[in-house]
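Trainee: Before we look at the model together, I would like to ask how each term is justified. Please set the values against the definitions as we go.

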Amino acid sequence: MNYNVLLVDDEYMIVNGLKRIISWEDEGFTIKGTARNAKEALTVMETEAIDLVITDITMPEMTGLEFVEAAQKAANQFEFMILSGYQKFDFLKGGLQLGAINYLMKPVDKQELLKSVRKAKKRLDSRSQQETRDGLYSEILLAQWVNGEIDKDNYEELNQLVNTTEKAEWTVLVIEVTRENKIQAIRWLEEQQQNLFFSRNLGDKSLIVHIFKGGKYQLNQLLSSNQLQSCEDENWLVSIGETVNDWEDVPDSFEKANQTLQRYKFYESSGSNLLYSVFSDDFDLSADIINFNKTLMVGDFTTIEATIAEIFNKTQKIGARPEDVRHITFMLFMDIYRRFNHLDESEYQQVLDDINHSSNADKLQGILTTTIKQITKEKLSYDYSENVQNVINKIRSEYASELTLKCVAQSLHLNVMYLGQLFKKETKKSFSQYLNQYRMKKAQNLLLYSDDNVNEIADKIGFNNSTYFSQIFKKMNDLTPKEFREKYQNQYHSVGEDE
């Protein structure tokens, strides 16, 4: 590691000689600046990070010791050496009290200077290592804090860091930036004297978690000073958690900020780079899912696709959590699977894996629409056992009669319970569900492609009561037979088999 040196003396020849007397670079130092007096030296230290100062003791307006003391009071940490043309005990004593490395007599002896410089290097290395250890420990402590992992063993350390006994407001900011902009983001926080943060690298991005202490006015001031806003690269986000009034609730603020960031990315939102929590976890889409079942029964591709889009629009509007959207997608997919039974076991498992590992709402919606398109495009063929295929053939040929599983089982010389279980295992539907869905599909076709009235259609598909038929049709399609005919007669795009 290279350290910065400041040389302070009003004699040009002394400063020039110090530059050349040893190889500073070989010793791990760089001459960062020079000054003729204490005032110039303090100005340099305001803008440069100085690690080692070599200063003359006798200067106009302010002595070298007064300059060192003033710089130390300004919270600068540095090592220093004193130069003097004569030795005086009071100066020597004062320098030692302030922590001087050495007291060098002019003309400076090369070996004495080398010895002192190497001593300074050891001190600086030791301090750097300690600061690194302290910094890492602080990061670990802050990470434990936001994750709710502070216990009695590390509470005292946290209390020393933030004074948890003091009443204060806390807000967690989760800042996502590219790795290239990480330094700029950290510089922004440091310049605003914000030191409660830690960072983690994730791929080509960096996450900075900052625990802000203060009210909303101070928080707005911090956000308005954000230097990332002037970046050409706008690939950054600041997610703002809820403000809490107790240090123990900081994990709640962090969770909210983190959820807000994940939801924003999940829905690929656009707009402001400052993200505020406006999502609600209190929602109920059960009615929409029930309606989707009925839409599948209707069997029109355009309607199904529009219903899927409507459900996903609702999840985005309310900001449903990614895990909730994945669960909703799973439920919709299972409805599709049960209705059309179009996938083999490996394909079915692949879709489930895609749903579980998807990190984007559009991709989840795409899984469902792709599935529907596949069903629409392909003529579905099912590989059923002989007994189940015989039941299906029976349904297709005798659906207009009073058909029961018991009658079918007797005609096939099979146990009725065994046949019912086998049928449901292979078709994913009970016998009565399959029969009713088949009848309704026939009714749909007659409504779309014949001039038969509702009474005639009810009779043709095995209902001797047209009112009861209309009730069942409405329950399964969410439309009356008349409404279905009016809506789809000239614009029906069938999904699944043409029954």
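Mentor: Let us begin with directions: an axis is a line fitted to C-alpha atoms, for helices over the stretch in contact, and an angle runs from 0 to 180 degrees between N-to-C directions. This is a predicted model, in which local features need pLDDT of at least 70 and side-chain atom pairs count only at pLDDT 80 or more, while totals for chains, interfaces and linings use all residues. Residues are numbered from 1 along each chain as its sequence is written, and side-chain values use heavy atoms, with hydrogens and water left out.

Trainee: At what angle to S1 does helix H2 run, and which strands does the helix lie across?

Mentor: Helix H2 (residues 38-47) lies across strand S1 (3-8), S2 and S3, and runs at about 160 degrees to S1. The labels come from DSSP runs numbered from the N terminus, H or I of at least four residues for helices and E of at least two for strands.

Trainee: What makes S2 and S5 edge strands?

Mentor: The open sheet has five strands in the order S2-S1-S3-S4-S5, with parallel pairing. Strand S2 (29-35) and strand S5 (103-105) each have a single partner strand, so one side of each is left without a neighbour in the sheet. The twist averages 20 degrees from one strand to the next.

Trainee: How do you know that S3 and S4 are paired?

Mentor: Two strands pair if DSSP finds at least two bridges between them, and strand S3 (residues 52-56) is joined to strand S4 (residues 79-84) in the parallel sense over five bridges. With five bridges against a required two, the pairing is established. Asp-56, for instance, stands opposite Leu-83 in S4.

Trainee: In what order do the strands S6 to S10 lie, and which of them stand at the edges?

Mentor: They form an open sheet of five strands in the order S7-S8-S6-S9-S10, with mixed pairing. S7 and strand S10 (274-276) stand at the edges, each with a single partner strand, so one side of each is left without a neighbour in the sheet. Here the twist averages 20 degrees from one strand to the next. Helix H7 (residues 182-191) packs on this sheet, touching S6, S7 and S8, with its direction at about 10 degrees to that of S8.

Trainee: What makes the pairing of this sheet mixed?

Mentor: Strand S6 (residues 170-178) and S8 run antiparallel and are joined by nine bridges, with Val-172 partnered by Ile-211 in S8. S7 (residues 197-202) and S8 also run antiparallel, over six bridges, and Phe-198 stands opposite Val-209 there. S6 and S9 pair in the antiparallel sense over four bridges, and Leu-173 has Ile-240 as its partner in S9. By contrast, S9 and S10 run parallel and are joined by three bridges, with Ile-240 opposite Tyr-276 in S10. Both senses therefore occur, and each pair meets the definition of pairing.

Trainee: How many residues of S8 are buried?

Mentor: Eight of the nine residues of S8 (residues 205-213) are buried, and the strand is mostly covered. Buried means under 20% relative accessible area, exposed over 50%, and partly exposed in between, with a 1.4 Å probe and protein chains only.

Trainee: Why is Asp-246 called partly exposed?

Mentor: Its relative accessibility is 30%, a value between those two limits, so Asp-246 counts as partly exposed. Asp-246 lies in the loop between strand S9 (237-240) and helix H9 (250-266). Leaving aside residues up to four places away in sequence, Asp-246 touches Ala-168 and Trp-170, where contact means heavy atoms within 4.5 Å.

Trainee: How do you know that helix H10 has about its expected span?

Mentor: The expected span is 1.5 Å times one less than the number of residues. Helix H10 (residues 286-298) has 13 residues and reaches 19 Å from its first C-alpha to its last, which is close to the expected 18 Å. Gly-299, with a positive phi near 80 degrees, follows H10. The buried residues of H10 include Ile-289, Phe-292 and Leu-296, and its buried residues pack against several helices, among them helix H11 (301-318) and helix H12 (322-340).
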